[in-house]
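Visitor: I would like a close look at one part of this protein, the place where its opening strand meets its partners. Could you take me through that part slowly, and then show how it sits within the chain as a whole?

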Amino acid sequence: MLHDRVLVRTDIPEGERRSTGGIVIPATAAVGRRLAWAEVVAVGQSVRTVEPGDRVLYDPEDRAEVEVRGVAYVLMRERDLHAVAAERLEGSEDSTGLYL
């Protein structure tokens, strides 16, 4: 990984999904702009706020996909991340574990 790049693995596969009520939403359904969560796999040497293993919130519309050994990943810049959820951020009593 180079500079400020972050390599993430998405949580949910593309295609149909289910709502919290159990309704199947087909892949062709038009939905509003929705952010997605992913797990950080690798980071470049200039990345300061995330580490491998963290969960990050990103915009799936602004992504560059890459396939490594048959597994699909998303490659993005650190500045394109919207939030970071990490166990290490839950240290204090008033912390939510979410870094925006």
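Guide: Leu-7 stands opposite Leu-75 in β7, and this pairing is a good place to begin in what is a predicted model. The two strands concerned, β1 and β7, run antiparallel and are joined by four bridges. On another side of the pairing pattern, β1 is also joined to β4, again in an antiparallel arrangement, here through five bridges, and within β4 the bridge partner of Val-6 is Val-43.

Val-6 leads from the strand pairing to the nonpolar core, since the largest such core has 13 residues, and Val-6, Val-8, Val-50, Val-56, Tyr-58, Met-76 and Leu-81 are the ones that touch the most other members. The elements that give two or more residues to this core are β1 (5-10), β4 (36-43), β5 (55-58), β7 (71-77) and β8 (81-85), and β4 gives the most, with three residues. In soluble globular proteins, nonpolar side chains tend to be buried together.

Met-76 deserves a look of its own: if its neighbours within four places in sequence are left aside, Met-76 is in contact with Asp-4, Arg-5, Val-6, Val-8, Tyr-58 and Leu-81. Of these contacts, Val-6, Val-8, Tyr-58 and Leu-81 are also listed with Met-76 among the core residues that touch the most other members.

Leu-75, the residue facing Leu-7, belongs to a surface feature, for together with Val-66 and Val-68 it makes a nonpolar patch of about 180 Å². Val-68 is found in strand β6, which covers residues 64-68, and because its relative accessible area is 37%, Val-68 counts as partly exposed rather than buried, the limit for buried being under 20%.

Turning to the whole chain, there are zero helices and nine strands, so that, by the DSSP runs used to assign them, the pattern read along the sequence is β-β-β-β-β-β-β-β-β. Among the contacts in the chain with a separation of 6 or more, 60% are accounted for by residues 24 or more positions apart. Buried residues make up 24% of the 100 residues in the chain, while the chain exposes about 7,200 Å², of which carbon and sulfur atoms supply 49%.

Note on methods:
Residues numbered from 1 in each chain as written. Predicted model: local features only at pLDDT ≥ 70, side-chain atom pairs only at ≥ 80, totals over all residues. Heavy atoms only, no water. Core = buried A, V, L, I, M, F, W, Y, C linked by side-chain atoms within 4.5 Å. Buried < 20%, exposed > 50% of the residue type's maximum accessible area, 1.4 Å probe, protein only. Contact = heavy atoms within 4.5 Å. Areas by Shrake-Rupley, 256 points an atom, 1.4 Å probe, with all protein chains shown as cover. Patch = residues over 30% accessible without salt bridge, like charges linked within 9 Å, V, L, I, M, F, W, Y side chains within 5 Å. Salt bridge = Lys/Arg side-chain N within 4 Å of Asp/Glu carboxyl O. Pairing = 2+ DSSP bridges.
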